[in-house]
Amino acid sequence: SHERRQQRACAARAGRRALALATLLAGLLVAPFAAALGAAPWLRNPNDDAALGDAAPGESFGTRLVLDGGRLAVGADFSYDDNAQPSGHVRVFVRVAGAWSPTARVDPPTPQAWARFGAGLALDGAVMAVGAPGFDREGEFDAGQVTVHAFDGNTFVLQQTIVAPPTAKLRYFGGYLAVDGDTLVVGARQRDDGAVPDAGVV
């Protein structure tokens with residue numbers, strides 16, 4: 001009927017107005033971030049700096065990021081150690097005068113090829129947890145481990161190493177982390193649950 005056609009037309013106009021408004025608001029919200037991204041320089045691997053060393057292909061700098069206030073931790077889980085094995089490391093940056101500057105490098109306490117140190121990261125104030133989910137232990141491949149570091153005013157110092165008991169049959173322990181105060185949460189995404197492979201556990 002004529003009345004129904006009018007109702008549909010009114011509904012269509014209202015929908016178009018709502019869409020236009022949503023598009024406008026989205027543009028207003030996104031524009032400042034886009035402008036900031038366009039104006040800000042990329043944060044490159046400090047190994048690209050000749051004063052800090054040479055970056056190697058495939059280091060995966062940026063594989064994991066965690067930001068806490070004016071401090072940023074960046075994982076490079078395939079970076080090479082002094083023995084030319086890809087064990088991984090973490091770079092810590094602080095924001096000074098609007099720019100990010102590297103202040104510390106955290107290396108695995110027990111370097112191991114393909115351990116992926118830095119693939120898991122969590123940061124809360126002066127405490128940083130680092131996961132190495134590919135760490136082999138006691139004949140278990142990719143069992144994983146987590147190290148906890150505390151900031152001493154200059155760098156992050158190792159405080160504790162956490163591993164799951166062998167009977168837990170965990171895999172990729174430490175791939176995902178969260179820390180809040182004195183609470184640490186660790187994910188092991190490929191733990192089998194009975195007959196269910198790779199069910200995962202936290």
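# A tour of two sheets, two cores and three salt bridges

Begin by selecting strands S1 and S2 (residues 71–76), which run antiparallel and are joined by six bridges. Strands here are DSSP runs of E with at least two residues, helices are runs of H or I with at least four, and both are numbered from the N terminus; two strands are taken to pair if DSSP finds at least two bridges between them. Within this pair, pick Val66, whose bridge partner in S2 is Ala73.

Before going on, note that this is a predicted model, in which local features need pLDDT of at least 70 and side-chain atom pairs count only at pLDDT 80 or more, whereas totals for chains, interfaces and linings use all residues. Residues are numbered from 1 along each chain as its sequence is written, and side-chain values use heavy atoms, with hydrogens and water left out.

**The whole chain**

Zoom out to the protein chain, which contains one helix and ten strands, with the helix coming before the strands when the elements are read from the N terminus. Of its 202 residues, 33% count as buried, a label given to residues under 20% relative accessible area, while those over 50% are exposed and those in between are partly exposed (1.4 Å probe, protein chains only). Among contacts in the chain with a separation of 6 or more, 40% are between residues 24 or more positions apart, contact being defined by heavy atoms within 4.5 Å.

**The first sheet**

Now extend the opening selection to S1, S2, S3 and S4, which form an open sheet in that order with antiparallel pairing. The edge strands are S1 (61–68) and S4 (99–106), each of which pairs on one side only. Neighbouring strands of this sheet are turned by 25° against each other on average, direction ignored; the axes behind such angles are lines fitted to C-alpha atoms, for helices over the stretch in contact, and the angles run from 0 to 180 degrees between N-to-C directions.

**The second sheet**

Select S5, S6, S7 and S8 next: these four strands make an open sheet in the order S5-S6-S7-S8, again with antiparallel pairing. S5 and S8 (156–162) stand at the edges with a single partner strand each, so one side of each has no neighbour in the sheet. The average turn between neighbouring strands here is 20°, direction ignored. Inside this sheet, six bridges join S6 to the antiparallel strand S7 (residues 145–151), and Ala132 stands opposite Gln145 in S7.

**The nonpolar cores**

Which residues have the most contacts inside the largest nonpolar core? Show Ala73, Val90, Val92, Val106, Leu121 and Met128, which hold that place in a core of 15 residues. The elements that give two or more residues to this core are S3 (89–96), S4, S5 (120–124) and S6 (127–132), and S6 gives the most, with three residues. A core in this sense is a set of buried Ala, Val, Leu, Ile, Met, Phe, Trp, Tyr and Cys residues joined through side-chain atoms within 4.5 Å.

Centre the view on Val106, which, leaving aside its neighbours within four places in sequence, is in contact with His89, Val90, Val92, Phe117, Met128, His149 and Phe156. Apart from the largest core lies another, of nine residues, among them Ala122, Ala129, Leu177 and Val179.

**The salt bridges**

Finish with the charged pairs: the count of salt bridges comes to four, where a salt bridge is a side-chain nitrogen of Lys or Arg within 4 Å of a carboxyl oxygen of Asp or Glu.

Select Asp77 and Arg116, whose closest N and O atoms are 2.7 Å apart. This salt bridge links distant parts of the chain, since Asp77 is in the loop between S2 and S3 and Arg116 is in the loop between S4 and S5, 39 residues apart. Asp77 is buried, with a relative accessible area of 0%, whereas Arg116 counts as partly exposed at 22%.

Move to Arg137 and Glu140, whose side chains meet in a salt bridge at 4.0 Å, N to O. Arg137 is buried at 12% relative accessible area, and Glu140 is also buried, at 19%.

The last stop is the salt bridge between Asp142 and Arg171, with 3.5 Å between the closest N and O atoms. Here too distant parts of the chain are linked, with Asp142 in the loop between S6 and S7 and Arg171 in the loop between S8 and S9 (173–180), 29 residues apart. Asp142 is buried, with a relative accessible area of 18%, while Arg171, at 31%, counts as partly exposed.
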